[in-house]
Amino acid sequence: MIAITGIHGNFYSNPFYYNIGDTLNSDNIDFIYAQTNDAFGQMETVNVNSGKKEIIGSWNERFSYADEDIDAYLSFAE
C-alpha cells in the first residue's frame, strides 16, 4: 500500500501514519508512506518556464511535479 499525503501532510506531524504502517505490517502488507514535493518544508528549484529560482514546498506545491514523485514511489514499490 502506498499512502500519499495531501498538502501540509507529513509523517512528522501525524502519528496516524506510524499506526497504520505498523497495523498493515502486522498483516504482512507492505506500506510506503509517500510525500510529494517536500511536503514538510521548502526547497529551492528552478521554474521550468522562466528559468528563475523559486522556493516551493507544502505551502506552494507544484502538482505538475507530483507525477514524477508518484512514478518514483511506484517504481520503488515494484
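## Basis and overall architecture

Two residues are in contact when heavy atoms lie within 4.5 Å of each other. Among contacts in the protein chain between residues at least 6 apart in sequence, 52% join residues at least 24 apart. The structure is a predicted model, in which local features need pLDDT of at least 70 and side-chain atom pairs count only at pLDDT 80 or more, while totals for chains, interfaces and linings use all residues. Residues are numbered from 1 along each chain as its sequence is written, and side-chain values use heavy atoms, with hydrogens and water left out.

The protein chain contains two helices and four strands, arranged along the sequence in the pattern β-α-β-β-β-α. Helices (H or I, at least four residues) and strands (E, at least two) are DSSP runs, numbered from the N terminus. Of the 78 residues of the protein chain, 29% count as buried; the term means under 20% relative accessible area, with exposed meaning over 50% and partly exposed in between (1.4 Å probe, protein chains only). The protein chain exposes about 5500 Å², of which carbon and sulfur atoms supply 52%. Accessible areas come from the Shrake-Rupley method with a 1.4 Å probe, and for residues only the protein chains shown count as cover.

## Helix α1 and the loop that follows

Helix α1 spans residues 16-26, and Y17, G21 and L24 are buried within it. These three residues lie on the same side of α1, because they cover an arc of only 70 degrees around the axis; the arc is that of the directions from the helix axis to the C-beta atoms. The buried residues of α1 pack against β2 (32-34). On the face of α1 turned away from its buried side are the exposed residues D22 and S26.

The loop between α1 and β2 contains N28. Phi of N28 is near 60 degrees, a positive value in a residue other than glycine. N28 counts as exposed, at 73% relative accessibility.

## Aromatic pairs

A pair of aromatic rings is described by the distance of the centres and the angle of the planes. Rings of Phe, Tyr and Trp (its six-membered ring) pair if their centres lie within 6.5 Å; planes under 30 degrees apart count as stacked, over 60 as edge-to-face and the rest as tilted. A search of the whole structure finds two aromatic pairs. In one of them, F16 and Y17 are edge-to-face, at 5.5 Å centre to centre and with 70 degrees between the planes.

The two partners differ in burial: F16 is partly exposed, with a relative accessible area of 46%, whereas Y17 counts as buried at 17% relative accessibility. Ring pairs link F16, Y17 and Y33 into a cluster.

## Y73 in helix α2

Y73 is located in helix α2 (residues 63-77). Its relative accessible area of 23% makes Y73 partly exposed. Not counting residues up to four places away in sequence, Y73 touches I2, I32, Y33, A34 and Q35. Y73 and A34 are 39 residues apart in sequence, yet their C-alpha atoms are 7.1 Å apart in space.

## Strands β3 and β4

T45 belongs to strand β3 and counts as buried, at 18% relative accessibility. Leaving aside neighbours within four places in sequence, T45 is in contact with K52, K53, E54 and I56. Of these partners, I56 is found in strand β4 and counts as buried, at 0% relative accessibility. I56 and V46 are ten residues apart along the chain, and their C-alpha atoms are separated by 9.6 Å.

The loop between β3 (42-46) and β4 (53-57) holds N47, which counts as buried at 12% relative accessibility. The side chain of N47 reaches the backbone nitrogen of N49 at 2.7 Å. This is a polar contact, a pair of N or O atoms within 3.5 Å; within protein, one must be able to donate a hydrogen and the other to accept it, and residues adjacent in sequence count only if both atoms are side-chain atoms.

## Salt bridge

A search of the whole structure finds one salt bridge, defined as a side-chain nitrogen of Lys or Arg within 4 Å of a carboxyl oxygen of Asp or Glu. The side chains of E44 and K53 form this bridge, at 3.6 Å from N to O. Both E44 and K53 are exposed.
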